[in-house]
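Reader: I am new to this structure and should be grateful for a close look at a single helix and its surroundings. Please explain each step of the reasoning as you go.

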Amino acid sequence: MHETTVKIRLFGDPILRKRARSVKEITQSQRDILSQMSRIMYESLGIGLAAPQVGISEAMIVVDIGSCLFKLINPKIIKKEGLMVLEEGCLSIPGVCIKVKRAKKVKILAQDEFAKPLTLEAEDLLARVFQHEIDHLRGKLIVDYASFFDKLKMAKKLEELKKSAKDERLFEQEAKSCKLQL
């Protein structure tokens, strides 16, 4: 994995809107990516991160709300219960917080980094983080939950983030075109 793919991608980066591919075969490459994602999540003081947020269109997430690090591959929510509304932020949309209605409890099927099947039940904050990260795998962002008026209020901030994401992609393309990297 090269250095340009392990940075957090900002709102406006097209990969954040793509549906992530299912991982067909779990290899050392996926384990390395999950480890790098965990490091980035902790360094960014986040509690969850999805592979598309670091430029990788594969169905993988990492989550740690302070009790245990989960590294999940191909996670799917198979059951939801209850409702709760809380304000959420996102590492890919810094400075934006949105009230999001989510299930209070979820049941998830996934695989761990060694291809072992897992069934997890989570509630409250852990359930919320799993839902948020799985949304990323479907190309869905917290701004999609915002009301029309909230979208108007944050329009300027979102445009700034889009410009930052575009400028960063242009810089990366120019850097790749140079034969000598210093």
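Author: A definition is needed at the outset: the expected span of a helix is 1.5 Å times one less than its number of residues. The part chosen here is helix α2, which covers residues 124–137 in a predicted model. With 14 residues at 1.5 Å a residue, α2 should span 20 Å, and its end C-alpha atoms lie 21 Å apart, which agrees.

The setting of the helix comes next. The protein chain contains three helices and seven strands, and along the sequence they follow the pattern α-β-β-β-β-β-β-β-α-α. Of the 182 residues of the chain, 45% count as buried. Contacts between residues 24 or more positions apart make up 66% of the contacts in the chain with a separation of 6 or more.

Helix α2 itself is mostly covered, as twelve of its 14 residues are buried. These buried residues are Leu126, Ala127, Arg128, Val129, Phe130, Gln131, His132, Glu133, Ile134, Asp135, His136 and Leu137. Charged side chains such as Arg128, Glu133 and Asp135 are thus among the buried residues of α2. After the helix comes Gly139, whose phi is positive, near 80°.

One of the buried residues, Phe130, deserves particular attention. Its relative accessibility is 1%, and Phe130 therefore counts as buried, since the term applies under 20%. A search of the whole structure finds two aromatic pairs. In one of them, the rings of Phe70 and Phe130 have centres 5.4 Å apart and planes at 75°, so the pair is edge-to-face. Because Phe70 lies in strand β3 and Phe130 in helix α2, this pair ties together parts that are 60 residues apart in sequence. Phe70 is buried as well, with a relative accessible area of 17%. The other pair is formed by Phe148 and Phe149, with ring centres 5.6 Å apart and planes at 75°, so it is also edge-to-face. Here the surroundings are of another kind: Phe148 counts as exposed at 57% relative accessibility, and Phe149 is exposed at 60%.

The charged side chains of α2 may now be considered. Twelve salt bridges are found in a search of the whole structure. In one of these, the side chains of Lys104 and Asp124 meet, with N and O 2.4 Å apart. This pair links distant parts of the chain, 20 residues apart: Lys104 lies in the loop between β5 (98–102) and β6 (105–111), whereas Asp124 belongs to helix α2. Both partners count as partly exposed, Lys104 at 32% relative accessibility and Asp124 at 31%. Two residues of α2, Arg128 and Asp135, also take part in a network. Salt bridges that share partners join them to Glu88, Arg102 and Arg138.

Leu125 shows another side of the helix. Together with Ile47 and Ile65, Leu125 forms a nonpolar patch on the surface, with about 210 Å² of accessible area in all. Ile65 lies in the loop between β2 (60–63) and β3 (70–81). At 31% relative accessibility, Ile65 counts as partly exposed.

Helix α1 offers a useful comparison. Its 16 residues, 28–43, should span 22 Å at 1.5 Å a residue, and its end C-alpha atoms are 22 Å apart, which agrees. The buried residues of α1 are Gln30, Arg31, Ile33, Leu34, Met37, Ser38, Ile40 and Met41. They pack against β1 (48–50), β2 and β3. Strand β3 is also where Phe70, the partner of Phe130, is found.

An α-helix has 3.6 residues a turn, so residues three or four places apart point the same way. In α1, Glu43 and Arg39 form a salt bridge, with their closest N and O atoms 3.2 Å apart. Being four residues apart in the helix, the two are separated by about one helical turn. Glu43 is exposed, with a relative accessible area of 56%, while Arg39 is partly exposed at 39%. Following α1 is Leu45, whose phi is positive, near 60°.

In summary, α2 is a mostly covered helix. Phe130 joins it to strand β3 through an aromatic pair, and Asp124 joins it to the loop between β5 and β6 through a salt bridge.

Note on methods:
Residues are numbered from 1 along each chain as its sequence is written. This is a predicted model: local features need pLDDT of at least 70, side-chain atom pairs count only at pLDDT 80 or more; totals for chains, interfaces and linings use all residues. Side-chain values use heavy atoms; hydrogens and water are left out. Patches are made of residues with over 30% relative accessible area and no salt bridge: like charges are joined within 9 Å, nonpolar side chains (Val, Leu, Ile, Met, Phe, Trp, Tyr) within 5 Å. Accessible areas come from the Shrake-Rupley method with a 1.4 Å probe; for residues, only the protein chains shown count as cover. A salt bridge is a side-chain nitrogen of Lys or Arg within 4 Å of a carboxyl oxygen of Asp or Glu. Buried means under 20% relative accessible area, exposed over 50%, partly exposed in between (1.4 Å probe, protein chains only). Contact means heavy atoms within 4.5 Å. Rings of Phe, Tyr and Trp (its six-membered ring) pair if their centres lie within 6.5 Å; planes under 30 degrees apart count as stacked, over 60 as edge-to-face and the rest as tilted.
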